[in-house]
Amino acid sequence: MRDLTPKKKELEPIEIASIDEIKALQLVRLKWSVDHAYNNVAFYKKKYDEIGIHPSDLKYLEDIKLFPFTTKEDLRKNYPFDMFAHKLRDIARIHASSGTTGKPTVVAYTKNDLEMWEHLIERCLRASGMKKGDMLHNAYGYGLFTGGLGLHGGAEKMGLTVIPVSGGMTARQVQLINDFKPKGITVTPSYILSILDEFRAQGLDPKKSSLEVGIFGAEPWTNSMRSEIESQFDMHAVDIYGLSEVLGPGVANECVESKDGLHVWEDYFYPEIINVETGNVLEDGEKGELVFSSLCKEAFPIIRYRTKDLTKLMKGTARSMRRMEKITGRSDDMMIIRGVNIFPTQIEEQLLKIDSLSPHFQIKLIKDGRMDKMIVYTEHYKSEDVEQSYVENLSANLKKRVKDIMGLSIEVDVGKKGSVPRSEGKAVRVIDER
Ligand code: DLL
């Protein structure tokens, strides 16, 4: 893999500014943002008035803890447009989350917001090792999902040649990568695995592809998955994070030179980590739920939004701004099976330690009498039927690892190649049939 580290002179001064400078900027911006939300979104005004808190009570950054949280439920109640701080005629674009449970969450951007988003995506792409003039294959879905169009705008602004492929039609994805020879790919980590299979199906060596960096996000993935993707493609794999309610992709990104967690772009977002049960703010280094306040957004200011994503904050390394640890899961992804708390990423981690098992997997939760049971569906690499003992060995190996490390007895079903449903965007990791 080639060294893709950007030169120091290519970075924005704020990326390598002192902590004091960053905090001073955050305070000015946070005051503006809380004030803006209070004065222009009825939801915030009502909520703050009810508990007798006012934007002028925010004197220091830490005072943000005096303000109440905002939740997905709050956004749903204000569907579709009541969380907007601007009239519709000032809104340049609307995105929405898929809304598998209930109504979608609708978010909005003014022209200035879109420019800010482009700016942050450019920062992410540069941190990932992309440079003006490079080609980017963008396989995040285009449409109401923020991945496709979000990445697209920033990539164009940066002066990349963007291929807006979107998700799906995997054979064509491989053909285009092979023919156009992009340097970078933006896609979910689960879909790159389908693209990897397709390379092999077409008799192509993924290591020989033009790809030098993959920028993966929109769902949790482990460091073991990073090693797998990096070795299979001989390319860098970096993590990009974001959520529609706060911006879309581009809230935090790893640096290609360090790959040690994602630098949160703290000049635009104020992060906090809270205890999931009590809501108390935790210290840096302590794990809990990530909460964000936007600092500059016009159309859709968001104050203390509970993301449900679990991580911890750590001091900056390659950049001054703090890092968040790779996300292990969401508080609502946590499965409690016979008293054991477990996340799908923990299964991924163990699965990837077994060479003859493919990284594709899906978890089914069922009731077995009065007990909960977890069945992990995964596959070996062979497309033909194999000896039962081969499958049994693989399955026993994974069962033992999960039992030894997590103390949980599970069932494992190892099918032939292609038996686990493939994702074209975010993978559905858990099917709960309890
Ligand atoms: O997934 C935005 C995005 C698009 C991020 C493309 C990165 C790349 P939503 O659909 O609103 O937005 O989903 C947001 O996805 O709260 C996390 O639970 C999860 N997520 C996003 N990025 C990561 C990541 C986009 N890098 C939700 N690691 C978030 C783990 C992630 N989970």
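Start by selecting Pro80, which sits in the loop between α3 (72-77) and β1 (93-96). Keep in mind as you go that this is a predicted model. Now show the backbone from Tyr79 into Pro80: the peptide bond joining them is cis, with omega near -5°.

For another backbone oddity, jump to Ser166. You'll find Ser166 in the loop between β4 (161-163) and α6. Check its phi: the value is near 65°, which is positive in a residue other than glycine.

**Helices α1 and α2**

Next, select residues 19-40 for helix α1 and residues 42-50 for helix α2. Their axes are 5 Å apart, and the two helices pack at an angle of about 100°. At that angle, α1 counts as roughly perpendicular to α2. Turn on side chains for Val34, Ala37, Tyr38 and Asn40 in α1, then for Ala42, Tyr44, Lys45, Tyr48 and Asp49 in α2, and you have the residues that meet. Color them by class and you should get 6 nonpolar, 1 polar and 2 charged residues in the contact of α1 with α2.

**Helices α6 and α7**

Move along to helix α6 (residues 170-180) and helix α7 (residues 189-201). Here the axes come within 9 Å and cross at roughly 75°, so α6 is roughly perpendicular to α7. Which residues make the contact? On α6, pick Thr170, Ala171, Gln173, Val174 and Ile177; on α7, pick Tyr191, Ser194, Ile195, Glu198 and Phe199. The class split for the contact of α6 with α7 is 6 nonpolar, 3 polar and 1 charged.

**Helices α9 and α10**

Now for the pair made of helix α9 (residues 344-351) and helix α10 (residues 388-406). Their axes come within 10 Å, with a crossing of roughly 125°. That angle makes α9 oblique to α10. Rotate the view to look at the handedness: the crossing of α9 and α10 is right-handed. To see the contact, show Gln346, Ile347, Gln350 and Leu351 from α9 together with Leu398, Arg401, Val402, Ile405 and Met406 from α10. The residues of this contact of α9 with α10 sort into 6 nonpolar, 2 polar and 1 charged.

**The ligand**

Finish at the ligand, with 20 residues around it. Which of them come nearest? Select Asp239, Ile240, Ser244, Asp309 and Lys426 and you have them.

With the ligand still on screen, try three distances. Begin with Ile240: a backbone N or O atom of this residue lies 2.6 Å from a nitrogen atom of the ligand. Then go to Ala218, where a polar backbone atom is 3.0 Å from a nitrogen atom of the ligand. Last, bring up the side chain of Arg330, because a polar contact needs N or O atoms within 3.5 Å. A polar side-chain atom of Arg330 lies 3.1 Å from an oxygen atom of the ligand.

Technical notes. Residues are numbered from 1 along each chain as its sequence is written. This is a predicted model: local features need pLDDT of at least 70, side-chain atom pairs count only at pLDDT 80 or more; totals for chains, interfaces and linings use all residues. Side-chain values use heavy atoms; hydrogens and water are left out. Axes are lines fitted to C-alpha atoms, for helices over the stretch in contact, and angles run from 0 to 180 degrees between N-to-C directions. Helices (H or I, at least four residues) and strands (E, at least two) are DSSP runs, numbered from the N terminus. Angles under 35 degrees count as roughly parallel, over 145 as roughly antiparallel, 65 to 115 as roughly perpendicular and the rest as oblique. A crossing is left-handed if the near helix is turned anticlockwise from the far one by less than a right angle, and right-handed if clockwise. Contact means heavy atoms within 4.5 Å. Ala, Val, Leu, Ile, Met, Phe, Trp, Tyr, Cys and Pro count as nonpolar, Asp, Glu, Lys and Arg as charged, and the others, Gly among them, as polar. A residue is near a molecule or strand if one of its heavy atoms lies within 4 Å of it. A polar contact is a pair of N or O atoms within 3.5 Å; within protein, one must be able to donate a hydrogen and the other to accept it, and residues adjacent in sequence count only if both atoms are side-chain atoms.
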